[in-house]
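Please open the model in your viewer and keep the sequence beside it, so that each selection below can be followed in turn.

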Amino acid sequence: MTTAPLPVAGPPADGRSGPAAPALPSVSATTGSSLAVQVMTAVRRAITAGEMEPGRLYSVQQLASAMDVSRSPVREGLLRLGEAGLVRFHRNRGFEIVQVSPTDVAEVFAVRTALEVPAARRVALLAEPAELDRVRVQWEALHEAARTGDLEATVDADEGLHRLLLRVAGNTQAVGLVERLRTTTSFLAVVAATARRPVAELAREHDPLVQAVLARDGEAAGRAMREHLASTAERLVAQALRVQHAPEEHVAELTGQVWGAAATGY
């Protein structure tokens, strides 16, 4: 499928100079992942670090120069971020980072609940012994990453566990959809994990889920997945509210309202 070229930002209409090029790392095809994926990762980190601000215009050439790479992988990476709702394009002007709203976060996790809860039940009931061994190995990798205190490795192992459960459940469409949904909330997840709790807690939160799966208890696995996703959703909805400068004394109440409205019935 041929994709339309991304716009390159021109001079601002009001004559002001655009934002300075963000401090992004160089990327290399030798690091084991595609350049486009590395671009996506670098942009998400730049958002988290405040190097790229929502509402400011940037250009493909600006990012390509900052990362010492051609425009093609930058275009591809930005298109993927656009599919996830993190980037908005403006013809002949460039692109901007879109701020993820609390409602966006809640709706993402409502959809994930609809997909991942039955998947967890299905894995517990139907997985082959070798597949359960893979789940156990990934669970151990999550805890090993957490023991090192490495946030990035822990988050990657967390994503790997959820991805594996969906694959073992046998729905490849769900795997791709959840990947895109996770991208939408990924930078909020990093901010919340860094600011709010040790990575060891992130790993331990998966223990009831994996233990139920390995015990082949479908109902317990579904329940544990639901509770895990709800806990994560509430934490990230609260983070999105703080990003919008909601008064701290109202964050808990607003979080309950937003998540309750999105999750009811799932």
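Two strands are taken to pair here if DSSP finds at least two bridges between them. With that criterion in hand, and bearing in mind that this is a predicted model, select valine 87, which stands opposite isoleucine 97 in strand 3. Widen the selection to strand 2 and to strand 3 (residues 94-97), and you have two antiparallel strands joined by four bridges.

Next, bring in the rest of the sheet, which is open, has three strands in the order 1-3-2, and is paired in antiparallel fashion. Its edges are strand 1 (57-58) and strand 2 (87-90), each of which pairs on one side only. Now add helix 3 (residues 71-83), which lies across strand 2 and strand 3 and runs at about 115° to strand 2.

Within the sheet, turn to the aromatic rings: a search of the whole structure finds one aromatic pair. Show the side chains of tyrosine 58 and phenylalanine 95, whose ring centres are 6.1 Å apart and whose planes meet at 35°, so the pair counts as tilted. Tyrosine 58 belongs to strand 1 and phenylalanine 95 to strand 3, so that the pair links parts of the chain 37 residues apart. Both tyrosine 58 and phenylalanine 95 are buried.

Finally, move to helix 6 (residues 151-169), whose 19 residues should span 27 Å at 1.5 Å a residue, in agreement with the 27 Å between its end C-alpha atoms. At its N-terminal end, select aspartate 150, which caps the helix with a side-chain oxygen 3.0 Å from the backbone nitrogen of alanine 153. After helix 6 comes glycine 170, whose phi is positive, near 90°.

Terms used:
Residues numbered from 1 in each chain as written. Predicted model: local features only at pLDDT ≥ 70, side-chain atom pairs only at ≥ 80, totals over all residues. Heavy atoms only, no water. Expected span 1.5 Å × (residues − 1). Polar contact = N/O pair within 3.5 Å; in protein donor to acceptor, adjacent residues only side chain to side chain. Contact = heavy atoms within 4.5 Å. Axes fitted to C-alpha atoms, helices over the stretch in contact; angles between N-to-C directions. Phe/Tyr/Trp six-rings, centres within 6.5 Å; stacked < 30°, edge-to-face > 60°. Buried < 20%, exposed > 50% of the residue type's maximum accessible area, 1.4 Å probe, protein only.
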